[in-house]
Each structure stands twice: as C-alpha cells, then as structure tokens.
Amino acid sequence: MSDDEKKLRPATRLVHGGGLRSQFGELSEAMFLTQSFAYPTMEAAEARFKGEDPGFIYSRFSNPTVAMFEQRMCLLEGAEAARATASGMAAVTAALLAQLRAGDHIVAARALFGSCLYVVEDLLPRFGVASTLVDGADLSQWKAAVRKETKLFFLESPTNPGLEVYDIRAIADIAHEAGARLVVDNVFATPLLQKPFELGADVVVYSATKHIDGQGRCLGGVILASQALIEENIHNFLRQTGPALSPFNAWTMLKALETLPLRVAQQTASAARIADFLAEQKEIARVLYPFRSDHPQAELARRQMTGGGTLVTFDVAGGKAAAFRLANALKIVKISNNLGDAKSLVTHPATTTHQRLTPEARALIGVGEGLLRLSVGLEDTDDLLDDLARGLSAARG
Ligand SMILES: *Cc1c(COP(=O)(O)O)cnc(C)c1O
C-alpha cells in the first residue's frame with residue numbers, strides 16, 4: 001500500500017484499490033478469463049519461473065483479476081498480503097493446514113461454523129494435529145488449553161448463530177504468550193465493523209460468499225496476513241493444492257466491494273431496528289444482537305466493533321413448532337442458510353446447520369429448538385417489519 005493510498009478512507013479504497021489495467025486503459029476492472037499466460041521468449045519464461053520477473057504464470061496461483069480482488073481486500077483490511085480462494089471453507093482449511101503439521105495442537109472456540117468445526121474436530125486430528133474446543137467467552141479456558149505444542153488459536157466473533165462476542169485482544173495476548181498465532185474468521189462482523197489485525201490477530205479469513213459478494217452469486221474466500229506469513233506458509237500451500245478462485249468470481253467480488261460499505265451500513269441499521277422491534281414482542285423469548293444493551297457482551301461488542309452487524313438471532317417462545325410457524329408465514333424473508341445477502345434470509349439452526357450436533361452440544365452453544373437466525377438484507381426496513389409482524393401472528397398459532 002502506498003502512503004497516498006493509506007490516507008484514503010475505506011469507501012474510496014474500495015472503489016479505486018487494486019488498479020491493474022491493460023494497455024486499453026479500461027475504466028472498469030477487466031475480467032481475465034485465462035488459464036495461462038504466454039511468454040515472449042524462453043528467457044522470459046525462465047525469468048518468470050525464477051521469480052525474477054513478477055508477471056503471471058498460471059491461474060491456479062496468479063491471475064490479474066484475482067490479484068485486483070486481493071489488493072482491494074488488503075486495502076480494506078489494512079493487511080500486507082492476501083490470497084483468494086474458491087470458497088470460505090477453502091480459505092479456512094488452507095489457513096489452518098498450511099500452518100500446522102503432525103504433532104501440533106490447535107485451540108478453537110466451540111461455537112464455530114459447522115464446516116469449520118468439522119475441520120478442527122474431525123479432519124485435523126486425522127493428520128496428527130490435536131484440537132481442544134473451549135468456551136470462547138471464558139478466557140481461563142483458552143489459557144488452560146495451552147500446551148507446549150499449541151501453534152494456533154482459532155475463533156469467530158460474533159459467533160454463528162448465537163452472536164456471542166469474544167475478546168479478540170485478550171485472546172490474541174494469550175495466544176502470543178504461548179508462542180501461538182490467532183486466526184480470526186471475521187465473516188459475521190464483516191471487514192467494515194471489526195478490524196481483527198488492530199486487535200492482535202495474525203491471520204484473518206473470510207467467506208467472500210457472504211457480505212463481500214452480498215448478492216448471492218458466487219462462492220469465494222480470502223486469507224489475509226503479513227507478507228512473511230503469506231509467503232512462508234500460505235502461498236505455496238495454495239499454489240500446490242489448488243483451491244483457486246475463478247477469475248469470473250473474483251471479478252464479481254471485486255465489483256461488489258465497491259458497494260460493500262453502503263450495503264453493510266444499510267443492513268446493520270435495519271438489523272438494529274428489527275432487533276429492537278422483536279425484543280418488544282411477547283412471542284419472542286429472547287433477542288440476541290451485539291449492540292443491544294441486553295446482550296451479555298454488549299460492552300465488549302461496542303469496544304471492538306463499530307456496529308452490531310447484519311444478523312439478528314432470536315428465540316421464539318413455543319419452541320420448534322412456533323419458530324416454524326413464524327418462518328413459514330414470512331413472504332419477503334426467504335428460508336435459506338446463507339447470510340449477508342441483499343435478500344433477507346431466515347434459518348432454524350437446530351434442524352439445519354447445527355443438525356449434526358447432539359442436543360447437548362447444541363445446548364452448549366445456545367442453539368435451542370425455538371432459535372431462529374435472521375440475516376437482514378437490503379429490503380425497506382418497514383416491509384421487513386410488516387413481514388415479521390405477519391410471522392409473529394402465525395407463531396401465536
Ligand atoms: C459461510 C461461512 C464459512 C464458509 O464459507 P463458504 O464460502 O460457504 O465456504 C466459514 N465461516 C463462516 C463464519 C461462514 O459464515
């Protein structure tokens with residue numbers, strides 16, 4: 001990032017950052033749908049493979065459109081380097097595997113996105129990496145889990161679906177004291193509302209599928225870290241194993257970043273209003289929203305986030321039957337497990353994303369039978385409130 005670019009505010013960086021241009025001087029970023037690149041001479045090919053010439057070689061690991069997306073993400077996050085991946089799970093899996101080897105140990109907060117939980121709990125141990133799951137809000141559990149082989153800490157905050165907020169700075173300090181690194185999955189907070197690097201994280205990962213695309217089109221992911229960490233650990237792992245982001249998807253994400261601040265601001269404002277509305281309804285037993293004063297970590301949320309986020313989780317009195325009646329009555333809000341989309345989406349975690357867990361494991365992370373997670377989209381907030389009022393009257397039965 002040049003000194004001039006550092007002075008720019010985020011919205012400007014997201015419109016102008018990542019400016020690779022062809023000889024045609026196109027205004028909008030070009031989509032380079034090419035697998036490989038041709039070299040003018042054998043000597044040029046030799047220089048490129050030796051790393052003496054920085055040009056592109058093969059789109060499994062380098063492509064101009066993907067590079068523009070990575071540059072724009074670096075500018076947004078304030079990171080030195082980034083690598084894009086085919087999905088959020090490719091980003092998480094690569095970020096963890098590339099830093100671990102047999103004999104190492106990882107500590108993770110138990111409230112993880114389902115597939116992240118699979119990677120930590122099932123996949124890593126198959127390759128000799130031990131894992132310990134902790135209650136992420138309890139700092140003493142992070143401390144107690146440390147072993148001399150501990151290499152990584154991993155967490156999401158706010159969590160899915162309970163929107164619990166963890167103290168990233170305190171957890172980063174515990175990791176660093178133990179000689180470990182902290183990896184933060186920052187999907188729920190979005191790159192705009194929470195800056196994990198400023199709080200001490202070493203690696204930040206995203207599912208770009210969510211708010212970054214934000215319009216339900218493409219899967220994608222990104223890993224951000226220091227130049228050294230990307231070069232030493234991440235780059236070669238991705239280059240050789242190949243979970244590459246398609247240039248088409250990279251272009252979609254790159255253009256979507258231009259409107260990310262507008263979308264996240266509107267969705268967050270709408271979510272805050274909806275949370276307040278739901279909290280007043282007798283059909284709703286409990287509302288979880290990080291910026292409401294009744295949230296258990298409201299003070300921490302206000303310290304480490306600049307907005308409460310675009311998701312609202314709430315417990316419908318009357319359990320599964322009432323929650324199903326409410327969701328089934330919605331006409332604008334769609335039933336889908338995706339999030340961060342322009343369309344508002346509702347999901348019942350206990351029977352979908354968290355179905356694989358035992359009832360005891362669900363209880364540990366607060367996933368009850370009446371719990372619904374609402375991802376607030378870009379519709380007019382008043383239409384969403386009308387839709388939810390329709391759902392509430394159906395919940396009464
Ligand atoms: C969606 C999601 C992922 C996985 O991303 P995909 O793009 O679906 O692979 C990982 N972590 C969190 C918190 C997510 O919401």
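Colleague: How far does a polar side-chain atom of Ser207 lie from an oxygen atom of the ligand?

Modeller: The distance is 2.8 Å. Keep in mind that this is a predicted model. A polar contact is a pair of N or O atoms within 3.5 Å, so the Ser207 pair, at 2.8 Å, fits that limit. Lys210 offers another pair: an N or O atom of its side chain is 2.7 Å from a ligand oxygen. Met89 uses its backbone instead, with an N or O atom 2.8 Å from an oxygen atom of the ligand.

Colleague: How much of the ligand's accessible area does the protein cover?

Modeller: Compare the ligand on its own with the ligand in place. Alone, the ligand has 380 Å² of accessible area, and the protein covers 92% of that.

Colleague: Which residues surrounding the ligand are the closest?

Modeller: Look at the shell. It holds 14 residues, and the closest are Gly88, Asp185, Ser207, Thr209 and Lys210. By type, the shell has six nonpolar residues, five polar ones and three charged ones.

Colleague: Now the overall layout. Into which domains is the protein divided?

Modeller: Domain 1 runs over 3-257 and domain 2 over 261-395. Their centres, taken over C-alpha atoms, are 27 Å apart. At the contact between them, 40 residues of domain 1 meet 34 residues of domain 2.

Colleague: Which residues touch the most other members of the largest nonpolar core?

Modeller: That core has 78 residues, and the best-connected members are Phe69, Leu96, Phe154, Leu182 and Ile223. Both domain 1 and domain 2 give residues to this core, so it lies between them. A second, separate core has 31 residues, including Phe314, Ala323, Leu326 and Val346.

Colleague: What does Leu182 touch?

Modeller: Set aside residues up to four places away in sequence. Leu182 then touches, among others, Phe153, Phe154, Ile168, Ala201 and Asp202.

How values were computed:
Residues numbered from 1 in each chain as written. Predicted model: local features only at pLDDT ≥ 70, side-chain atom pairs only at ≥ 80, totals over all residues. Heavy atoms only, no water. Near = heavy atom within 4 Å. Polar contact = N/O pair within 3.5 Å; in protein donor to acceptor, adjacent residues only side chain to side chain. Areas by Shrake-Rupley, 256 points an atom, 1.4 Å probe, with all protein chains shown as cover. Nonpolar A, V, L, I, M, F, W, Y, C, P; charged D, E, K, R; others polar. Core = buried A, V, L, I, M, F, W, Y, C linked by side-chain atoms within 4.5 Å. Buried < 20%, exposed > 50% of the residue type's maximum accessible area, 1.4 Å probe, protein only. Domains from an automatic or database assignment. Contact = heavy atoms within 4.5 Å.
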